[in-house]
Amino acid sequence: MTHPAATSGHTSGAERPGRPPRWRILYERMATLRDSELLPYEEMANLLDLDLANTSHYQVTLASARKAADQLRVDGKKVCRLVRGHGYQVADPGQAIELARRHQTRAVAEIHAGHTTIETIDRGKLDVTTARLVEAMAIGFARQHHMMRQLDVRQSRLETAMDALTATTHGTATRVEAAENGLTELTHRVNELAKTIGQPPVTPPSFLPPATGS
């Protein structure tokens, strides 16, 4: 890919005076994306006047996209997920939930690592003030880890209950659909018989609630 920026002497990837920061340019574009829409790296590079074939330009594009996506999540309440080798895509609710789970898992791991790290310190070798500081940090980490574990257990229970409810609802809907199909077939046969004896046709009842007017 050859871009005008590569032949105009602008090959360093540095910000150009008088223009918004590159991440802001991508932020504005990402904010216009619809659900599941992808913003490819090629379009990002064009917006930034960069050439993806240039290694430094490629890294600048990636860094700008990461910052734009992070800022959009905070300010714009929109999650753009990384699609490796392609660009950034607006996450649907299921994808956003999965990303949130990954963040939670990493957070639990980081808190556990901090706790185990602080516990390696031999407080007997410290002065009183430093020993108290280490003890306070250890207690803080322990409490955070306990709270995160409790939250994880509660979330798992909630997800299990939601899965069970979804399965029950789906099973009920399937049974209702099968019953309606069977009733429709039976009504068809009755109507065929009614024709032969000169009787009016019948209409099958519906299992669905009546529609309400707007």
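Here are a few short exercises on salt bridges in this predicted model.

**Exercise 1.** Work out how R24 and E28 are placed in helix α2, and whether they are buried or exposed or in between.

*Solution.* Start with the contact: the R24 and E28 side chains form a salt bridge, with an N to O distance of 3.1 Å. That fits the cut-off of within 4 Å. Next, look at the helix. Both residues sit in α2 (residues 22-30), four residues apart, which means about one helical turn separates them. Finally, check the accessibility: R24 has a relative accessible area of 30% and E28 has 41%. Buried would be under 20% and exposed over 50%, so R24 is partly exposed, and E28 is partly exposed too.

**Exercise 2.** Find out which parts of the chain the E43 and R29 pair ties together.

*Solution.* First, the bridge itself: the side chains of E43 and R29 meet at 2.7 Å, N to O. Now place the partners. E43 belongs to helix α3 (residues 41-48) and R29 to helix α2, so the pair links parts that are 14 residues apart in sequence. As for exposure, E43 comes out partly exposed at 26%, and R29 is partly exposed at 21%.

**Exercise 3.** Describe the pair R102 and E98, then say which residues are joined into one network.

*Solution.* R102 and E98 make a salt bridge of 3.8 Å, N to O. They're four residues apart in helix α5 (residues 93-119), about one helical turn. R102 is partly exposed at 45%, and E98 is partly exposed at 34%. As for the network, salt bridges with shared partners join R29, R34, E37 and E43. The full count is nine salt bridges.

Terms used
Residues numbered from 1 in each chain as written. Predicted model: local features only at pLDDT ≥ 70, side-chain atom pairs only at ≥ 80, totals over all residues. Heavy atoms only, no water. Helix = DSSP H or I, 4+ residues; strand = E, 2+ residues; numbered from the N terminus. Buried < 20%, exposed > 50% of the residue type's maximum accessible area, 1.4 Å probe, protein only.
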